[in-house]
Amino acid sequence: SKAIMAIEMLKQIPLLQNAGLDLAKQLGHVDKKLTYPLVMEGRINMQLLKYQLLRIENGDKSSRENMAPVFNLALVAYRKALKLINKSAPTKADLPVLTEFANLTHYGYVHRDLMRFTEEGMMDLLKLGKDSIDSAVVIDDNYASLKRHIESSLLKLEEASKQEKSKFKLF
């Protein structure tokens with residue numbers, strides 16, 4: 001539809017991303033069973049997150065404080081979309097929700113130190129991402145590499161957690 005094409009264009013322009021978010025929310029109010037407006041909201045927030053990361057890389061220290069809240073906005077949008085699909089019997093139409101949520105969780109893992117995520121919270125998030133990508137791989141095995149990345153990230157966190165616990169036992 002024309003509204004969806006408009007959102008796609010708006011998400012590319014940082015100054016117009018708030019307008020895109022408003023439009024996605026309005027689409028969501030029209031039909032509460034559609035995942036697409038929520039996916040678009042998540043995508044726009046991910047663009048904002050990437051914009052914040054660019055600002056940090058260019059020396060803007062104040063942008064770091066915005067990363068976790070923007071990440072959480074994207075997380076909320078994708079979690080709402082996930083609630084609207086049947087993960088035990090996903091369809092091809094569910095792939096954007098499943099895979100983008102999994103991508104979001106991996107992005108959170110990669111930038112966990114920057115956003116000051118706790119190890120426990122990150123582990124819970126990665127488990128949700130793994131569940132999501134497991135459902136997606138059933139439909140399309142092209143996402144197997146993302147699944148491996150998430151599984152590897154989860155293993156690394158679990159190993160780090162075990163090492164941290166063993167340090168406390170020594171003292």
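In this predicted model, helix α3 passes helix α5 in a left-handed crossing. The axes of these two helices come within 11 Å of each other and cross at roughly 25°, and because angles under 35 degrees count as roughly parallel, α3 is described as roughly parallel to α5. On the side of α3, the contact is made by Val-39, Arg-43, Met-46, Leu-49, Lys-50 and Leu-53, and these residues meet Pro-96, Val-97, Glu-100, Leu-104 and Tyr-107 of α5. Sorted by the character of their side chains, the residues of the contact of α3 with α5 comprise 8 nonpolar and 3 charged residues, with no polar ones.

Helix α3 also packs against α4, with the two axes 8 Å apart and an angle of about 165° between them. Since an angle over 145 degrees counts as roughly antiparallel, α3 and α4 are roughly antiparallel to each other. The crossing in which α3 passes α4 is left-handed. Among the residues that α3 brings to this contact are Leu-38, Val-39, Met-46, Leu-49, Leu-53 and Ile-56, while those from α4 include Met-67, Val-70, Phe-71, Ala-74, Ala-77 and Tyr-78. The contact of α3 with α4 divides into 15 nonpolar, 4 polar and 4 charged residues.

One residue that takes part in the contacts of α3 with α5 and with α4 is Leu-53, which lies in helix α3. Its relative accessible area is 14%, and because buried means under 20%, Leu-53 is classed as buried. When its neighbours within four places in sequence are left aside, Leu-53 is in contact with Met-67, Tyr-107, His-111 and Leu-114. Of these partners, His-111 is 58 residues away from Leu-53 in sequence, yet the C-alpha atoms of the two residues are 9.5 Å apart in space.

The interior of the protein can be described through its largest nonpolar core, which holds 36 residues, and in which Leu-49, Phe-71, Leu-104 and Tyr-107 touch the most other members. At least two residues of this core are supplied by each of α3 (36-57), α4 (64-83), α5 (95-110), α7 (119-139) and α8 (144-170), and α4 gives the most, with 9 residues. The surroundings of Phe-71 illustrate how such a core residue is placed, for, leaving aside its neighbours within four places in sequence, Phe-71 is in contact with Leu-49, Leu-104, Tyr-107, Gly-108, Met-115, Phe-117 and Leu-125.

A contrasting position is that of Leu-84, which is found in the loop between α4 and α5. With a relative accessible area of 37%, Leu-84 is partly exposed, whereas Leu-53 in α3 is buried. Leu-84 and Val-97 are separated by 13 residues in sequence, and the distance between their C-alpha atoms is 9.7 Å. Val-97 is also one of the α5 residues that α3 meets.

Taken as a whole, the secondary structure of the protein comes to 8 helices and 0 strands, so that, by the assignment of helices and strands used here, the order of elements from the N terminus is α-α-α-α-α-α-α-α. Buried residues make up 40% of the 171 residues in the protein. Finally, of the contacts in the protein with a separation of 6 or more, 65% are accounted for by residues 24 or more positions apart.

Key. Residues numbered from 1 in each chain as written. Predicted model: local features only at pLDDT ≥ 70, side-chain atom pairs only at ≥ 80, totals over all residues. Heavy atoms only, no water. Core = buried A, V, L, I, M, F, W, Y, C linked by side-chain atoms within 4.5 Å. Buried < 20%, exposed > 50% of the residue type's maximum accessible area, 1.4 Å probe, protein only. Helix = DSSP H or I, 4+ residues; strand = E, 2+ residues; numbered from the N terminus. Contact = heavy atoms within 4.5 Å. Axes fitted to C-alpha atoms, helices over the stretch in contact; angles between N-to-C directions. Parallel < 35°, antiparallel > 145°, perpendicular 65-115°, else oblique. Left-handed = near helix turned anticlockwise from the far one by under 90°. Nonpolar A, V, L, I, M, F, W, Y, C, P; charged D, E, K, R; others polar.
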